[in-house]
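Thank you all for coming; I would like to take a few minutes to walk through one structure, moving from single residues to pockets. Please have the sequence and the model open while I speak.

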Amino acid sequence: MTDEQQVPEIPAEENFAALFAASLEQETELRKGIMVHGRVVSVSADAVIMDVGAKAEGSITSSEFATIGRELPSVGDELDAMILVETDRDGLILSILAAHRQQLWEEVALAHKEARTVEVTITTEIKGGYRVDMGGLTAFMPRSEADPNPKATSGLVGTRCECAIL
């Protein structure tokens, strides 16, 4: 490059303003109920700490992983979680359980919209029907919808079946 082709120098104030504006565009909105994606930076018996691209890290109670039937993640793994508390002295409080339930609700809504069935496990007999587990969500199944022969429904607890979402 010759002296005649030099790029004009941008004043430091303009350069800083452009960088600051760009950083604000990249910053994730962090508020209760928002799903965030992050990378695990620390794992202990009590908590999994995640970097979610915010000024503070987020923590997930380790016991939540067992609740949804998952092993504790390793450092470097990427996860989705839901913000339970926006900010705390120790950073964000996150929940993988809430994220899992949100995902299940979206799947149930899509199955209803598409008139598809979902697989459930009948867990308990209750007044008027059954409590069923849909992979982590609990729902009610009326006895009248469980079997065309209502007198033969006593042995259904513990069975898996395909159900329509009504």
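**From a buried threonine to the pockets**

Let me begin with T121, which is buried, its relative accessible area being 16%, and I should say at once that what we are looking at is a predicted model. T121 counts as buried because its value falls under the 20% cut-off. This threonine belongs to strand β6, and its side chain is joined to the side chain of R160 by a polar contact of 2.4 Å.

Another arginine deserves a word here, namely R143, whose charged end sits over the ring of Y130, at 5.5 Å from the centre of that ring. As for rings paired with one another, a search of the whole structure returns 0 aromatic pairs.

Now, please turn to the loop between α3, residues 96–113, and β6, residues 117–126, where you will find A115. Most residues other than glycine have a negative phi. A115, although it is not a glycine, has a positive phi of about 55 degrees. Is A115 buried or exposed? With a relative accessibility of 70%, A115 counts as exposed, in contrast to T121, which is buried at 16%.

That brings me to the pockets, and I will take the largest one first. The largest pocket holds about 260 Å³ of space, and of the 14 residues that line it, those closest to its centre are F140, C163, A164, I165 and L166. The elements that contribute two or more residues to this lining are β6, β8, which spans 138–142, and β9, which spans 160–164. Which element supplies the largest share of that lining? The answer is β8, with 4 residues. In character, the lining of the largest pocket divides into 13 nonpolar residues and 1 charged residue, with no polar ones.

The second largest pocket, for its part, has a volume of about 160 Å³. Its lining consists of M35, I68, R70, D80, I96, A99, H100, Q102, Q103 and E106, and here α3 gives the most, with 6 residues. The lining of this second largest pocket divides into 4 nonpolar, 3 polar and 3 charged residues, whereas the lining of the largest pocket has 13 nonpolar, no polar and 1 charged.

If you keep one detail in view as we go to discussion, let it be strand β6, which carries T121 and also gives two or more residues to the lining of the largest pocket.

Notes
Residues numbered from 1 in each chain as written. Predicted model: local features only at pLDDT ≥ 70, side-chain atom pairs only at ≥ 80, totals over all residues. Heavy atoms only, no water. Phe/Tyr/Trp six-rings, centres within 6.5 Å; stacked < 30°, edge-to-face > 60°. Lys NZ or Arg CZ within 6 Å of the ring centre and 35° of its normal. Buried < 20%, exposed > 50% of the residue type's maximum accessible area, 1.4 Å probe, protein only. 1 Å grid on protein atoms, 1.4 Å probe; cavity = no way out; pocket = protein on both sides within 12 Å on 5 of 7 lines; lining within 4 Å. Points joined across faces, edges and corners; volume = space filled by probe spheres on them. Nonpolar A, V, L, I, M, F, W, Y, C, P; charged D, E, K, R; others polar. Polar contact = N/O pair within 3.5 Å; in protein donor to acceptor, adjacent residues only side chain to side chain.
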